[in-house]
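Biologist: Could you take me through one part of this model at close range? I would love to hear how two packed helices sit against each other, and then a little about a sheet.

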Amino acid sequence: MFLDDITTERALRRRASHRMGLVMAALLACILMVAGLTFDARAETGAPAIAATKAAAEPEGYVRPNDMGTGALLFPSREPGYFVEAPRLSTDVAIDVNGPVIRTRVTQRFLNPSKGWVEGTYVFPLPEDSAVDTLKMQIGERFIAGEIKPREEARQVYEQAKAEGKKAALLEQQRPNIFTNQVANIGPGETIVVQIEYQSSTKQSDGLYSLRFPMVVAPRYNPAPVVQTVDVDQTSGYAVSDPVPDREKITAPVLDPKTNAKVNPVTLTVTLAAGFPLGEVKSAFHDVNVETVDPATRRITLKAESIPADKDFELTWRAEAGKSPYAGLFRETVDGKTYLMAFVTPPVGTESAVKPKREIVFVIDNSGSMSGPSIEQARDSLALAISRLSPEDRFNVIRFDDTMTVHFPSLVAATPDKREDAIAFVRSLTADGGTEMLPALQAALRSQGPVADGALRQVVFLTDGAIGNEEQLFNEISANRGEARVFTVGIGSAPNTFFMTKAAQVGRGTFTLIGSENQVAERMGELFTKLEQPAMTEIAATFDGAAVGDITPNPMPDLYRGEPVTLTAELASATPAGKLQITGRAGDQPWRVEMDIAKASQGTGIAKLWARRKIDDLEASAYSLPDPAVLDKKIETVALAHHLVSRVTSLVAVDVTPSRPQGEPVTSTAVPLNLPAGWDFGKVYGEPDATGTVPMQKAMALPAPVMQMAEAVASKMQAAPTARAASLLAEQSAEVTLPQTATLADRHILMGLVLIAFAIMIGTGYAFLRDDLSRMVGARGTGGRP
């Protein structure tokens with residue numbers, strides 16, 4: 001028995017020694033990997049490298065910086081030391097306004113200045129309510145019309161055409177306000193023209209009508225993927241969840257304005273046929289010429305021949321005094337159905353005369369993307385809002401970047417001293433860091449205590465909305481809004497209007513845009529007029545004596561002072577008959593209007609607008625459908641019937657004749673974007689250090705290949721022995737080609753993953769050793785040895 005115990009102890013010692021050897025081997029592998037990565041990093045940042053002994057032939061279509069006789073935008077290629085000259089883009093915009101309906105044609109010209117064949121990808125914005133229905137590709141004198149197809153089918157058609165050397169264009173929606181246009185097989189020195197057309201509607205508030213044409217996708221802050229421990233069948237694994245799974249689709253290279261001239265010039269013309277005698281017409285952010293055609297029509301052009309695509313274009317107009325329409329009804333007949341568009345502004349004076357008690361939580365974004373004019377506008381707007389509070393109101397202030405501060409422990413009465421304290425706090429804010437919006441929103445919705453009896457809880461969110469995890473935030477508002485209402489204030493030259501508008505809709509609030517310092521007082525004054533009055537609620541639309549109709553939006557949203565009821569409807573009959581009835585309540589006062597469908601004015605594009613809003617309604621109903629495939633099919637049916645781009649459908653145009661010679665390679669490059677006007681590149685992407693290297697920035701998207709590697713390693717580690725962790729990581733890194741960027745972010749991330757894996761191995765090895773030692777002690781104890 002004693003010999004058995006000795007044998008057992010020796011076996012346990014050998015097993016422990018073997019496992020410790022494996023852990024040390026893994027440690028050595030990690031050290032070698034990190035050293036190798038560091039060596040590679042130094043090599044790319046200027047450290048001496050061994051020169052190649054054989055001169056390689058220059059790859060077709062690639063260039064070296066020293067070969068360039070003129071300035072050019074160069075992107076790293078897969079060939080070490082060689083670059084690809086970026087496609088150049090210019091855009092013409094023609095906007096036609098007819099009453100409440102807007103038709104816009106965007107002409108994009110892609111020029112390939114390089115010596116090789118390229119595929120260009122352009123990430124660009126459109127209004128969040130745009131119904132995109134047309135894609136045309138011009139080759140010489142020929143126009144090739146795009147076809148609407150299910151998204152994956154359109155992608156397959158495009159990729160096959162690209163492989164066969166045919167010119168092709170693919171238009172995809174990444175967000176309702178972010179699209180990508182890919183153009184394949186642009187020949188050396190060749191220009192390809194792509195036209196996009198969409199339908200949208202005018203905005204109206206307090207008698208001010210407006211349209212907005214966005215020109216640049218601001219860099220988005222994409223929160224990092226979350227790695228979680230998952231216990232399955234008594235074993236531990238690691239799951240990676242990404243709040244922005246399509247981060248690479250909404251990310252484009254952005255030029256530093258300090259070292260690059262602005263690119264992507266835009267020309268723009270607006271023909272404004274308002275449908276009523278016009279008063280003032282102006283553009284807040286661009287110098288324009290306004291030509292009077294007749295009392296109800298203006299032609300607007302830019303004073304400059306072209307402008308860089310670095311900030312949104314906004315046009316506003318008012319009716320001549322006393323001529324503002326109170327209501328409007330338009331109709332269009334398509335394929336045997338009648339489509340209606342109605343807007344009705346409730347009369348002033350229906351609001352309650354008694355102001356309710358209010359509890360307001362102000363949330364202000366002071367992240368790096370808000371630097372410059374944006375943080376000044378946000379500070380001024382919030383200071384003005386706080387100064388307008390009454391002592392009977394209660395309030396709090398939350399600020400966030402990649403950290404968060406709740407100014408008061410809980411809601412406080414808006415006494416003069418508390419207001420002054422809060423304004424001083426707001427005035428002290430500077431813009432820096434990432435945009436971790438979710439914790440601040442959670443604090444505003446969850447941690448401010450219960451709503452007092454008879455009070456209105458309002459959350460006012462001031463931000464540029466430069467984030468990619470919109471869906472996370474919509475879910476938070478929907479799940480935890482309770483009795484509160486969420487009001488968004490968009491700040492800056494290129495705000496994320498999709499996020500702002502949808503967040504306000506989900507939060508049953510309203511959305512205000514402030515694009516310059518001189519708009520702060522006017523726009524915040526309008527917002528506070530709305531905040532100080534209860535919303536018009538219980539809004540409903542019905543038909544009397546008309547065919548059964550499908551009305552959007554459904555349900556109808558609440559409204560605030562000066563906002564019109566705006567709806568579209570599809571009627572099953574081509575014969576316009578019956579009446580449209582709209583009802584609602586403002587406080588305790590009922591309100592009602594009735595409109596004769598037969599007297600509706602003729603309009604165009606109304607069917608497209610109905611379909612766009614129907615798709616929005618379907619997207620909003622996702623939580624009620626357990627099977628996502630059912631929702632996707634419903635959206636696809638509407639989008640295909642009305643030839644619209646959506647989340648599940650795309651437009652693709654293909655030339656039938658191959659143009660790229662067989663065997664000639666094609667290189668994929670992205671069209672670079674300008675930094676939005678007023679943004680500080682260093683605040684968003686990080687300042688260079690003493691060596692000129694830009695550090696890993698919070699604003700950058702995590703490279704997709706690294707995410708794939710992390711997921712693969714996490715998946716394999718669930719079943720793999722601990723000693724194989726380092727080799728698995730090395731194996732995955734060998735399989736992945738990391739993107740060549742201007743920073744060493746990819747290597748920093750990879751080294752971080754290596755160290756995480758090492759920590760996991762040490763922890764697991766420690767557990768094994770601890771168990772073995774326990775067994776050894778136990779063996780000694782049972783054997784009776786000293």
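Modeller: Happy to; here is the helix pair, followed by the sheet. Please keep in mind that this is a predicted model. Two packed helices are described by the angle between their axes and the distance between the axes. Here the pair is helix H6, residues 470-480, and helix H7, residues 497-506. Their axes lie 9 Å apart and make an angle of about 15°. Angles under 35 degrees count as roughly parallel, so H6 and H7 are roughly parallel to each other. The crossing of the two helices is right-handed. On the H6 side, the contact is made by Glu470, Leu473, Phe474, Ile477 and Ser478; H7 contributes Phe498, Phe499, Lys502, Ala503 and Val506. Sorted by class, this contact of H6 with H7 holds seven nonpolar residues, one polar residue and two charged ones.

Now to the sheet. Six strands make up an open sheet with mixed pairing, and their order is E8-E37-E9-E10-E5-E38. At its edges are strand E8 (147-150) and strand E38 (666-670), each of which pairs on one side only. Ignoring direction, neighbouring strands of this sheet are turned by 25° against each other on average. Within the sheet, strand E9 (residues 166-175) and strand E10 (residues 178-186) run antiparallel and are joined by seven bridges. If you would like a place to look along E10, find Val183, which has Ala169 opposite.

Terms used. Residues are numbered from 1 along each chain as its sequence is written. This is a predicted model: local features need pLDDT of at least 70, side-chain atom pairs count only at pLDDT 80 or more; totals for chains, interfaces and linings use all residues. Side-chain values use heavy atoms; hydrogens and water are left out. Axes are lines fitted to C-alpha atoms, for helices over the stretch in contact, and angles run from 0 to 180 degrees between N-to-C directions. Helices (H or I, at least four residues) and strands (E, at least two) are DSSP runs, numbered from the N terminus. Angles under 35 degrees count as roughly parallel, over 145 as roughly antiparallel, 65 to 115 as roughly perpendicular and the rest as oblique. A crossing is left-handed if the near helix is turned anticlockwise from the far one by less than a right angle, and right-handed if clockwise. Contact means heavy atoms within 4.5 Å. Ala, Val, Leu, Ile, Met, Phe, Trp, Tyr, Cys and Pro count as nonpolar, Asp, Glu, Lys and Arg as charged, and the others, Gly among them, as polar. Two strands pair if DSSP finds at least two bridges between them.
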